[in-house]
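This report describes the structure shown below, moving from one helix to the nonpolar cores, the strands and the overall totals.

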Amino acid sequence: MADLLNPADPAFARDPYPYYARLRARGPAARVDLANGTHAWLVTGYREARAVLADPRFSNVPPKAAGRPRPDSPARRAQACLARHMLNSDAPDHTRLRRLTAAAFTPRRVDALRPRIARLAAGLAGDLAARLERDGSADLVDAFAFPLPVLVIGEVLGVPEADRADLREWTYRVGSPADALAPGAVDAAWTALHTYFTALIADKRRAPGDDLFSSLVHDAREGGLTDGELLAMAFLLLFAGYETTMNLLASAVLLLLTHPGELSAARRDTGGRRWDAVAEEALRHASPLEGTTWRRTTEEVDLGGGAVIPAGSSVLVVLAAANRDPGRFPEPDAFRPGRYLPGPERAAAHVAFGRGPHFCLGARLARLEAAVALPLLFDALPGLRLAAAPGLLPYRPGLLVRGPRELPVTR
């Protein structure tokens, strides 16, 4: 009998790990019934998750008849256009699209952003300190975890700073289950995003800058992006460029404030390795990507452990579950940055950013932002503390990205 899962349930969104543990106890993958009337296979085992992410029998191309039939509308057409990005494609299309964007995320180009990230983070931390001095409390997500990655990806992609609030709201909606929001909210967001990116492309054509997106718009080489591919690429880069990092920063701050011993250990480390370990353990313990993009089996696949997935099945690799697999990580529910320090206990790599050909291009940038920003935040606010009970914090619903929607703090 399949489990029933409602991703829009606030209690599940806040703490999905007990559910995933029960599911994993049945085997490395299990069939579940979703509250929207569909069903899927969730992969929760660490070894099996890594295998699926690199297995070409699990296609990233969504089937044309996926899910329940939907009536045609401007919003549906906008969604279909923006969803044709490289995460929803297989080779050779994926290979070509990835090659066109990989130049923006080389180690040298990413590492060159460190001084700018430090200046932005220090400025935001100072602004937050002033707000706390004035008002007594503030939402750390709005004041720090959200604006920092938006400012960084805005510089990389040439997105005007004035547009960041609208972009955040629209991408929040399209990344959430429709039944968790007001009627029509998701459709309106897809339409708004399509309109915005269409105008952004036109602006780049008229007045290109030195950002990545301008170069993609003006790339006239054979194999360059079509207009439809540009729209989808804009959505993917902007959504992925800040959403996961925002959740990583918010979750890392929450973990440190609820684990004062780990915070003290990180603050005592002048070499910076402990902060790198904090970022790595936050990625494992509170995966900002709860699940990958949906996959579909092109043939029957036996994952072992009694998990035989039929051909044509919808499959979701649940990174949040795989990263807490007790078969791979001792004390998987404990927050222990020491696992990622050099030594005999050094942990195997988690799967927070995927694996194989779909490994996240921005993973290095997200890690860098966290490792740079967290010590600057706690240096500026040594007395920072939570202003709400952790168990009452609202979380984003759904199975795609995960993090606190709000994080009230005081000092």
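In this predicted model, helix α2 has a face turned away from its buried side, and that face carries the exposed residues Arg22 and Ala25. The helix spans residues 17-25, and its buried residues are Tyr17, Tyr19, Tyr20, Leu23 and Arg24. These buried residues lie on the same side of α2 because they cover an arc of only 155° around the axis. The cover over them includes the helices α1 (10-14), α15 (273-285) and α16 (319-322), together with the strands β1 (3-5), β2 (29-34) and β3 (39-43). Just after α2, Gly27 adopts a positive phi of about 150°.

**Nonpolar cores**

The largest nonpolar core holds 91 residues, and those that touch the most other members are Leu140, Phe197, Leu377 and Leu384. Helix α13 (residues 227-258) gives the most to this core, contributing 19 residues. A second, separate core has 23 residues, including Tyr46, Phe58, Phe329 and Val351. Which residues does Leu377 touch, not counting residues up to four places away in sequence? The contacts of Leu377 under that condition are Ala125, Leu128, Leu140, Phe144, Val253 and Leu384.

**Strands and their pairing**

An open sheet of three strands follows the order β5-β11-β10, with antiparallel pairing. Its edge strands are β5 (137-139) and β10 (385-386), each of which pairs on one side only. Strand β10 is joined to β11 (residues 408-410) by two bridges, and the two strands run antiparallel. Within β11, Thr410 is the bridge partner of Arg385. Helix α7 (residues 114-135) lies across β5 and β11 and runs at about 135° to β5.

Strand β7 (residues 301-304) has two faces: Val301 and Leu303 form the covered one, whereas Asp302 and Gly304 form the uncovered one. Strand β8 (residues 307-309) runs antiparallel to β7, and three bridges join the pair. Opposite Asp302 stands Val308 of β8. The hairpin of β7 and β8 has two residues between the strands, and in it Gly305 takes a positive phi near 65°.

The bridge counts of the two strand pairs are set out below.

| Strand pair | Bridges | Direction |
|---|---|---|
| β7 (301-304) and β8 (307-309) | three bridges | antiparallel |
| β10 (385-386) and β11 (408-410) | two bridges | antiparallel |

**A partly exposed alanine**

Ala80 belongs to helix α4 (residues 74-82). Is Ala80 buried or partly exposed? Ala80 has a relative accessible area of 33%, so it counts as partly exposed, a class that lies between the limits of 20% for buried and 50% for exposed. Along the chain, Ala80 and Trp190 are 110 residues apart, while their C-alpha atoms are separated by 9.4 Å.

**Overall totals**

The protein contains 17 helices and eleven strands. Of its 411 residues, 55% are buried. The accessible surface comes to about 17900 Å², and carbon and sulfur atoms account for 54% of it. Considering contacts between residues at least 6 apart in sequence, 72% join residues at least 24 apart.

Technical notes: Residues numbered from 1 in each chain as written. Predicted model: local features only at pLDDT ≥ 70, side-chain atom pairs only at ≥ 80, totals over all residues. Heavy atoms only, no water. Buried < 20%, exposed > 50% of the residue type's maximum accessible area, 1.4 Å probe, protein only. Helix = DSSP H or I, 4+ residues; strand = E, 2+ residues; numbered from the N terminus. Pairing = 2+ DSSP bridges. Contact = heavy atoms within 4.5 Å. Areas by Shrake-Rupley, 256 points an atom, 1.4 Å probe, with all protein chains shown as cover. Arc of directions from axis to C-beta. Core = buried A, V, L, I, M, F, W, Y, C linked by side-chain atoms within 4.5 Å. Axes fitted to C-alpha atoms, helices over the stretch in contact; angles between N-to-C directions.
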